[in-house]
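Colleague: I am new to this structure and would love a close look at its salt bridges, with a few words on the helices and loops around them. Could you walk me through that part?

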Amino acid sequence: MKRIFLVFVPLLFLASACTEDLASLNVETKKPAAIPAPTLFSNAVKSLAGNLATASVNTNVFRFTTSQWAMAVYQDEAQYDFATRAIPNSWWNGMYRDVLADLRESARLINADPTLLPKEKANKLAILDIMEVYTFSILVNTFGNVPYTQALDATQLFPVYDDAKTVSASLLTRLNASIAKLDASAAGFTASEDVVYKGNVSKWAKFGNTLRFKLGMVLADVDGSAAKAAAEASDAGAISSAADNGLFTYLTASPNQNPIHVDIVLGGRQDYIAAKDLMDKLLGWNDPRTGLYFSTNNGGKYAGGIVGKVNTYVDFSRAGAKVVAADAPYVLADYVETEFLRAEAKERGFTVAGSAESHYNNAITASILYWGGTAAQAAAYLAQPEVAYATAAGDWKQKIGTQKWIASYNRPYETWTEVRRLDQPKITAPINAKSGFPTRLTYPNTEQTLNGKNYTAAASAIGGDVVTTKLFWDKN
């Protein structure tokens, strides 16, 4: 009996140990119980930059839409077929799920953190709100009416779509408040947490002012007073040099490489080429950015392909080394666009310092310098009668719009917005286009099936869920 007992005790102990070990397998030791607020902020900005930078035909096709790139083989997206690959779904989900949800959760955690000093908390919340406004502005200026007041609310499974004009006004109101809350004497996110300005709150104020300036000017043709107020409130505090540029800087190592590098270089893609519209302008005006924007073809020459037409890859220029570099930054806001905004504001009669011509010259010079050109090259370029503000063809919209289209290369969504807004330059329709020039994206097909009632109301309110429906601010 004694021997049996001695055997039984170890067995009980072993059974007990096995039970404890099995229970421990349910503990996720590598998954944090909660994601820190700064990490959510950084991830949101990375997701936003990734959506805006990528050349994936599943998400971002605006380089083709604005005739800056063409395709060698597959022409669906270049011909305005946005449905086959469900591009609106990817764009919509990327902004709501990957960007806004993280920004909103980061703000919730910061609000609930009792350890933060009041001014530090205010700075962090203001920066988060500026980025939320930035992202909502992309959605409303892509689709029109969108879920806003009920968006990101877990209790609202079927969010209503808010009127786009009302949302735009709300975004400007929010920007006014958030810019006013920024206090450069106090801390914000740390240098390691802030992937744009490395903790510099004063530069976030400049970023916010440039964003307010831009969103105000989007309304200029439908609400001149709102545009004037935004421009005049923002001018002095907006980005004033390249040192203030808001950049998301990628790294040379995976998984933080520029998505264009991942898609084209690592993916071995041989179908993205320069478009004829842009290449003709670059070559016709001896633009010093030509060899910085693009490489030569296999014959050592610069050439652009026709959008929507099958093009032999080796015969045409491709994205240049600076564009496809692993660590190439994405521009979220910069001095170039701010100076073009100032030039436009002067032409519209708003009270902004300087002259339209000086701001135009500053913008073009800054663009050439950013891409690696020299001041002498910029001066020579601006001296050409076709480029000089006093002698370039057309009215101010054509002059500014054309040069902004060239300078905003590799910022495809921004380029598309400015082409829609200023109606310059005139984009050559792609071969076998499926529609007229797209002035919006259609709503995701998932919205039709999952939020049908609100989708139907929104589509009716904007004038029809088609790509050629003009948004409320697109009046030209």
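Modeller: Happily; here is a tour that begins with the salt bridges and then moves on to helices, loops and a surface patch. This is a predicted model, in which local features need pLDDT of at least 70 and side-chain atom pairs count only at pLDDT 80 or more, while totals for chains, interfaces and linings use all residues. Residues are numbered from 1 along each chain as its sequence is written, and side-chain values use heavy atoms, with hydrogens and water left out.

Let us start with the charged pairs. The whole structure holds 29 salt bridges (a salt bridge is a side-chain nitrogen of Lys or Arg within 4 Å of a carboxyl oxygen of Asp or Glu). One of them joins Glu77 to Arg85, with 2.8 Å between the closest N and O atoms. For burial, relative accessible area sets the class: buried is under 20%, exposed is over 50%, and partly exposed is in between, using a 1.4 Å probe and protein chains only. Glu77 counts as buried because its relative accessible area is 2%, whereas Arg85, at 34%, is partly exposed. Arg289 and Asp287 also pair up, at 2.8 Å from N to O, and here both residues are buried. In a further bridge, Asp474 meets Lys470 with the closest N and O atoms 4.0 Å apart. Asp474 is buried at 6%, and Lys470 is partly exposed at 40%. Elsewhere, bridges with shared partners link Asp221, Glu344, Arg348, Lys397, Lys404, Glu418 and Arg421 into one network.

Now to the helices. Helices (H or I, at least four residues) and strands (E, at least two) are DSSP runs, numbered from the N terminus. Helix α13 covers residues 335–347 and helix α14 residues 356–371; their axes come within 8 Å and cross at roughly 165 degrees. Such axes are lines fitted to C-alpha atoms, for helices over the stretch in contact, with angles from 0 to 180 degrees between N-to-C directions. The pair α13 and α14 is therefore roughly antiparallel. The angle classes are these: under 35 degrees is roughly parallel, over 145 roughly antiparallel, 65 to 115 roughly perpendicular, and the rest oblique. Helix α5 (residues 118–143) and helix α17 (residues 412–422) have axes that come within 12 Å and cross at roughly 50 degrees, so α5 is oblique to α17.

The loops have details of their own. Tyr80 sits in the loop between β1 (69–71) and α4 (87–111). Its phi is near 70 degrees, a positive value in a residue other than glycine, and Tyr80 is buried at 7% relative accessibility. Leu152, in the loop between β2 (146–147) and β3 (161–162), has a positive phi of about 65 degrees although it is not a glycine. Leu152 is partly exposed, at 33%. Two cis peptide bonds are worth finding as well. One joins Ser254 and Pro255, with omega about 10 degrees, and Pro255 lies in the loop between β4 (246–248) and α9. Another joins Gln424 and Pro425, with omega about -10 degrees; Pro425 belongs to the loop between α17 and α18 (445–450).

To finish, look at helix α9 (residues 259–266), where Val262 is placed. At 38% relative accessibility, Val262 is partly exposed.
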